[in-house]
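Student: I should like a close look at one part of this protein, the salt bridges and their surroundings. Please then set that part beside the pocket and the nonpolar cores.

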Amino acid sequence: MDLAHYYELWRGLMLAKEANWWQTFFVRFYQAFLEADRWKQYLRGVETTLYVTALALCLGVILGVLVAMIRTAHDQQRPGQRNFALGVANLVCRIYVTIIRGTPMMVQILIMGMVVFSSSRNFTMVGALTLGINSGAYVAEIIRGGLMSLDQGQSEAGRSLGLNYLDTMRFIIIPQAFKAILPSLGNEFIVLLKDTSMISVIGGQELIYAARGVINRTYDAMFPLVGSAVVYLVLVLVFSWLQGKLERRLRQSDRR
């Protein structure tokens, strides 16, 4: 007999309250993952989760690098040589970082989904955009901390070689700072991966959205939610392993 036959048999026993614990466990597991190929819903949710994470990470890194470079350039100006345009840009960046870091992620998602993009129906992309904007503020501070931790003589050495500010950052400062900020960037990526679960509140179709769809059909929350938690845990463990492997490789290159 196949699993479907056991499911129908033990489901009848469960409804009659005559099933033992492992038969009940099997019926609830089958309903959550196997009936009507519901495992495919979770798989599509994982794909969307990774897609949203990748988009948000790219946007967050771009915003973070831009904001960090503006704020670092402003802070490293010599006394008496202040640039007005750079000061205005620095003020805008400070306001952006303060607002984003000072308000909850959930509120930001709700504002973007229900106010700013209330006419949009692509809730997944709205969620990815919001996560990217939020991540950009934290990445900016991570990168700025790494840039400011380097000796200012590095920048002066680049200028003495005839490099402009952007080339100095690109070829001298950022490669050195990257090794120092990699653990923090990795942690930010993991946080971003888990935060994708919040976009389901505006209809983003990621993993938790798939789990809620199964719950609405089976009226059983345990297995869909626990299963989703296990998937997130596995993803975090995989990315943590990859991060650790990259850090070890960079340490080996330093010894050489």
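Tutor: What follows is an account of the charged pairs, then of one helix, the pocket and the cores.

The model is predicted, and it holds seven salt bridges. Several of the residues concerned belong to one group: Arg71, Asp75, Arg101, Glu141 and Arg144 are linked in a network of salt bridges. In general, side chains of opposite charge can pair when their charged atoms come close.

Glu141 is a good place to enter this network. Its side chain meets that of Arg101 in a salt bridge, with an N to O distance of 3.7 Å. This pair links distant parts of the chain, since Glu141 lies in helix α6 and Arg101 in helix α4 (residues 84-102), 40 residues apart. Arg101 has a relative accessibility of 41% and therefore counts as partly exposed.

Glu141 also forms a salt bridge with Arg144, where the closest N and O atoms are 3.3 Å apart. Here both partners lie in helix α6, three residues apart, or about one turn of the helix. Is Arg144 buried or exposed? Arg144 has a relative accessible area of 19%, and the cut-off for buried is under 20%, so Arg144 counts as buried.

Another salt bridge joins the side chains of Asp37 and Lys40, at 3.8 Å from N to O. Asp37 is partly exposed at 39% relative accessibility, and Lys40 is likewise partly exposed, at 37%.

Helix α6 also carries Leu129, a residue that is partly exposed at 30% relative accessibility. Leaving aside residues up to four places away in sequence, Leu129 touches Leu59, Met112 and Phe117. The C-alpha atom of Leu129 is separated by 7.9 Å from that of Leu55, although the two residues are 74 apart along the chain.

The same helix, α6 (123-149), contributes to the largest pocket: α3 (39-75), α6, α8 (165-195) and α10 (222-255) each supply at least two residues of its lining. The volume of this pocket is about 370 Å³. Its lining comprises 19 residues, and Phe178, Leu182, Leu185, Gly186 and Leu246 lie nearest the centre. Helix α8 gives the largest share of the lining, nine residues. In contrast to the salt-bridge network, which consists of the residues named above, the pocket lining has no charged residues; 17 of its residues are nonpolar and two are polar.

Nonpolar residues also form the cores. In soluble globular proteins, nonpolar side chains tend to be buried together. The largest nonpolar core here has 14 residues, of which Ala32, Phe33, Tyr42 and Leu207 touch the most other members. Two or more residues of this core come from each of α2 (21-34), α3, α8, α9 (207-218) and α10. Tyr42 shows how these parts meet: beyond residues up to four places away in sequence, Tyr42 touches Ala32, Phe33, Leu207, Ala210, Ala211, Val214, Pro224 and Ser228. Apart from this core lies another, of 13 residues, which include Met69, Leu147, Leu150 and Ala177.

To return to the request, Glu141 pairs with Arg101 of helix α4 and with Arg144 in its own helix.

Methods:
Residues numbered from 1 in each chain as written. Predicted model: local features only at pLDDT ≥ 70, side-chain atom pairs only at ≥ 80, totals over all residues. Heavy atoms only, no water. 1 Å grid on protein atoms, 1.4 Å probe; cavity = no way out; pocket = protein on both sides within 12 Å on 5 of 7 lines; lining within 4 Å. Points joined across faces, edges and corners; volume = space filled by probe spheres on them. Helix = DSSP H or I, 4+ residues; strand = E, 2+ residues; numbered from the N terminus. Nonpolar A, V, L, I, M, F, W, Y, C, P; charged D, E, K, R; others polar. Core = buried A, V, L, I, M, F, W, Y, C linked by side-chain atoms within 4.5 Å. Buried < 20%, exposed > 50% of the residue type's maximum accessible area, 1.4 Å probe, protein only. Contact = heavy atoms within 4.5 Å. Salt bridge = Lys/Arg side-chain N within 4 Å of Asp/Glu carboxyl O.
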